[in-house]
Amino acid sequence: MTSPVSAADNHSTPAPASKKTIAAWTLWDVGNASFNAIMTTFVFAVYLTSSSFGEEGHPAAVLSVGLTIAGVLIALLAPISGQRADASGKRGLWLGVNSVLLAVIMAFCFFVAPSPDYLILGVVLLSLGNLVNEFAVVNYNALLPAISTQQTIGKVSGTGWAAGYFGGILALAIVLVGFVSPGILGIPEDGAYNLRAVAVFSAIWAIAFSLPLMLAVRKISPAPRSVEPQKSILDSYRDLFATIRRLYREAPTTLYFLLSSAVFRDGLNGIFTFGGILAANSFGFSTNQVIVFAIFGNIVAGVGALLGGRMDDRFGPKRVIVFSLVALIAAALSLLFFPSSTMFWICGLTLCAFVGPAQSAARSYLGRLVNEGNEGELYGLYSTTGRAASFLSPALFGLFVTWFGAELWGILGIVIVLFVGLLLLLPIKDPQRVDARESML
């Protein structure tokens, strides 16, 4: 068992990674933007829930079931996948394997034709993509403490988030100009071939920007290999529960942060999950207009993540998260009570500006608490707790939509999730103030 040491001790030496390696790490997020921005938010998911796949509401309901099943599997498997990568010292290998699998899954989405007969195929592929992507992200996040120091982890994390947003901007711009009507590539719209081709483009984009990290990962300080023989899955779960018990007894700040961040991160995810749907259904945006808004939103989010990362290193991640959550709640309520297309642009861009800093600071907060050799397991728990709470925003969004009979009121459900997450976060210490005895074991 590793003895407890302070997070500061873990990151007190200069970063072992070169600027080139850090750049490769950030480029992976650029590639991953094709799945997050194009496939799951603004293009393919919107296509999959369109009237081509069934009566209004049915495709979205089926997709919700698929994503829920994927979320349950992530919650069960993410921490032990990270734990086993820690033990083997092969985080880079598994990051590469999952990155390639994700690209293959995206490419196969080309075969989802606009017919109800293909709805299940589309839902299965998108749900499987979410599962594989989360495994990749666990190993990607676990590399953050190895390429940064206690003084730079906020900046590096924020730069990574910003790279993802800027990657999303460029990818969405290419999709808008090249594929969406009238696309300059001339791909026919009959049979939705232009939208299905977007899936192939997304796969190529992801692989192209993932390659630098796959090649550079050998230069990053590897996780120490376990001297114990390979454990069974059952043994991995026993170790996981033992880790949770140790956290409860000896590192409560880490455990409480995992729980509180699970709630507010679900609210952050809800903003992006339902943003495009609200734009189209409540404010009358066309597909082109949704993508244009997404491009501007990613620009603002990228700038916000860059600035937030620097504020994180200067003032601490907790302050960045608290300020961002307050701003998000204010912007969302303003849009709810003063709805118009103009207000959607103003409030929507404000929401984008503060989502990035909150996401980045949450990742760096955890990175300040981990010890070498436990990064994958802890970031796996980070994914698990997030997935355990992932029903909150969809459930409350749907509840208020049903209650008031209008999708706009779903905003109130997301606001409640953000507010509860904020309340849970307030009593928790800043990681700089966490006692050495309360660091990850």
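Where is Leu77 found? Hi everyone, let's start right there. Leu77 is found in helix 4, which covers residues 58-88. Keep that helix in mind, and I'll come back to it in a few minutes.

Before we go further, please remember that what you see above is a predicted model. So how confident was the predictor? The protein chain averages a pLDDT of 81, and 83% of the residues score at least 70. Among the elements, helix 12 (residues 317-337) has the highest mean pLDDT, at 95. At the other end of the scale we find helix 1, residues 7-10, with the lowest mean, 41. The pLDDT is below 50 over residues 1-15, and this stretch has 34 contacts in the model beyond near neighbours in sequence. Residues 435-441 are also below 50, and there the number of such contacts is 32. A word of caution for anyone tempted to zoom in: where pLDDT is low, the predicted coordinates should not be read in detail.

Now, let's go inside. The largest nonpolar core has 117 residues. Which of them touch the most other members? The answer is Ile38, Met39, Leu48, Leu172 and Phe257. Let's pick Leu172 and look around it. Leaving aside neighbours within four places in sequence, Leu172 is in contact with Ala37, Ile38, Phe42 and Val43, and also with Ile291, Ala294, Ile295 and Asn298. Notice that Ile38 turns up again, as a contact of Leu172.

Back to helix 4, as promised. Leu77 belongs to a nonpolar surface patch of about 490 Å². The other residues that make this patch are Val65, Ile69, Val72, Leu73 and Leu76. Is Leu77 buried or exposed? Neither one, in fact: Leu77 counts as partly exposed because its relative accessibility is 32%, and that category lies between under 20% for buried and over 50% for exposed.

Next come the charges. The count of salt bridges comes to two, and Arg368 takes part in both. In one, the side chain of Arg368 meets that of Asp312, at 2.7 Å from N to O. Here distant parts of the chain are linked: Arg368 sits in the loop between helix 13 (341-367) and helix 14 (375-388), while Asp312 is in helix 11 (residues 287-315), 56 residues apart. Both of these residues are buried. In the other salt bridge, Arg368 meets Asp313, with an N to O distance of 3.2 Å. Asp313 is in helix 11 too, 55 residues apart from Arg368. Arg368 has a relative accessible area of 2%, so it is buried, whereas Asp313, at 25%, counts as partly exposed. Through shared partners, the salt bridges join Asp312, Asp313 and Arg368 into one network.

Two more residues before I finish. Ala192 has a positive phi of about 55°, although it is not a glycine. You'll find Ala192 in the loop between helix 7 (153-178) and helix 8 (193-216). With a relative accessible area of 10%, Ala192 is buried.

And what about Ser157? Its place is in helix 7. Ser157 is buried because its relative accessible area is 0%. Which residues is Ser157 in contact with, leaving aside neighbours within four places in sequence? They are Trp25, Leu144, Ser360, Arg363 and Ser364. Try finding those five side by side with Ser157 on the screen. Thanks for listening!

Key: Residues are numbered from 1 along each chain as its sequence is written. This is a predicted model: local features need pLDDT of at least 70, side-chain atom pairs count only at pLDDT 80 or more; totals for chains, interfaces and linings use all residues. Side-chain values use heavy atoms; hydrogens and water are left out. pLDDT is the predictor's confidence in each residue, from 0 to 100. Helices (H or I, at least four residues) and strands (E, at least two) are DSSP runs, numbered from the N terminus. Contact means heavy atoms within 4.5 Å. A nonpolar core is a set of buried Ala, Val, Leu, Ile, Met, Phe, Trp, Tyr and Cys residues joined through side-chain atoms within 4.5 Å. Buried means under 20% relative accessible area, exposed over 50%, partly exposed in between (1.4 Å probe, protein chains only). Patches are made of residues with over 30% relative accessible area and no salt bridge: like charges are joined within 9 Å, nonpolar side chains (Val, Leu, Ile, Met, Phe, Trp, Tyr) within 5 Å. Accessible areas come from the Shrake-Rupley method with a 1.4 Å probe; for residues, only the protein chains shown count as cover. A salt bridge is a side-chain nitrogen of Lys or Arg within 4 Å of a carboxyl oxygen of Asp or Glu.
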